[in-house]
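I opened this notebook to record what I looked up about aromatic rings. The entries follow in the order of my queries.

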Amino acid sequence: MEEITLYKGLYVLIVGIMAVLLSRLIIKVMGGKKTMLSELLGPIEEKILEVMGVDTKENMTLKRYFRGVLIFFAVGGAVFLLMEIPGLALSGAGESATIPLLLKVFRVSMENFILVAAGLAVFFALVRRLVHRKKQGFGNFWVDMTRIILYVLIPLNLVLAVGVSGAGIIVAKEQQHQVQTVEEETAGSRTDIFMVQ
């Protein structure tokens, strides 16, 4: 019992330390301050924003920021709708074995990764506006999105991926696996099918 309490306490301590460090990183990134990743990711951020044609100095009004959010979700929604149309290579309907793994990974990362960045960008725009009431504008949606993805989500996911794989959690490339379980039922052995997404 003491050992379980010790593990729980250690877990809470580690999560608390990680939360403080992550919040400091996010505040620096959203404030446009240099981080330890700035030297490596700064040129990539500039190139992405240049290709997108974004004016990094622009401090968007609420209307322009909201328009950026709407454009982002309209394009993302169109991609999701294309993925749902049966018969298309992007769709999960029909023969799911023919869907390339990369497209499945893209869809999951859109759902679990890029949408999080959009939510964080909108959150920080509101916080920015509440903190700096005298200044006009909400920041730049495209700059916020790029910074959140490059400086926060990608490094965080890389660290978590190493931790998960180090813990021995397996990720399979195939959709389903048939395995023979060790336990035997009265009618014979049982075959379980595991779905992996």
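Which residues form one aromatic cluster? I found that Tyr-65, Phe-72, Phe-73, Phe-141 and Trp-142 do so. I note that the model is predicted.

Entry on pairs. I searched the whole structure and obtained five aromatic pairs. One of them joins Tyr-65 and Phe-141, with 5.5 Å from centre to centre and 80° between the planes. I recorded this pair as edge-to-face. I then looked up where the two residues lie: Tyr-65 belongs to helix α3 (residues 62-84) and Phe-141 to helix α5 (residues 141-166), so their pair ties together parts that are 76 residues apart in sequence.

Entry on a further partner of Phe-141. For Phe-72 and Phe-141 I read a centre separation of 6.0 Å and an angle of 65° between the planes, so I entered this pair as edge-to-face as well. An angle over 60 degrees is what places a pair in that class. Phe-72 lies in helix α3 and Phe-141 in helix α5, so the pair ties together parts 69 residues apart in sequence.

Entry on burial. Are Tyr-65 and Phe-141 buried or exposed? I found both to be buried. For Phe-141 the relative accessible area is 0%. Phe-72 has a relative accessible area of 14%; I list Phe-72 as buried because the value falls under the 20% limit.

Entry on a charge and a ring. I also checked Arg-129, whose charged end sits over the ring of Phe-138. The distance to the centre of that ring is 5.4 Å.

How values were computed. Residues are numbered from 1 along each chain as its sequence is written. This is a predicted model: local features need pLDDT of at least 70, side-chain atom pairs count only at pLDDT 80 or more; totals for chains, interfaces and linings use all residues. Side-chain values use heavy atoms; hydrogens and water are left out. Rings of Phe, Tyr and Trp (its six-membered ring) pair if their centres lie within 6.5 Å; planes under 30 degrees apart count as stacked, over 60 as edge-to-face and the rest as tilted. Helices (H or I, at least four residues) and strands (E, at least two) are DSSP runs, numbered from the N terminus. Buried means under 20% relative accessible area, exposed over 50%, partly exposed in between (1.4 Å probe, protein chains only). A charge sits over a ring if NZ of Lys or CZ of Arg is within 6 Å of the ring centre and within 35 degrees of the ring normal.
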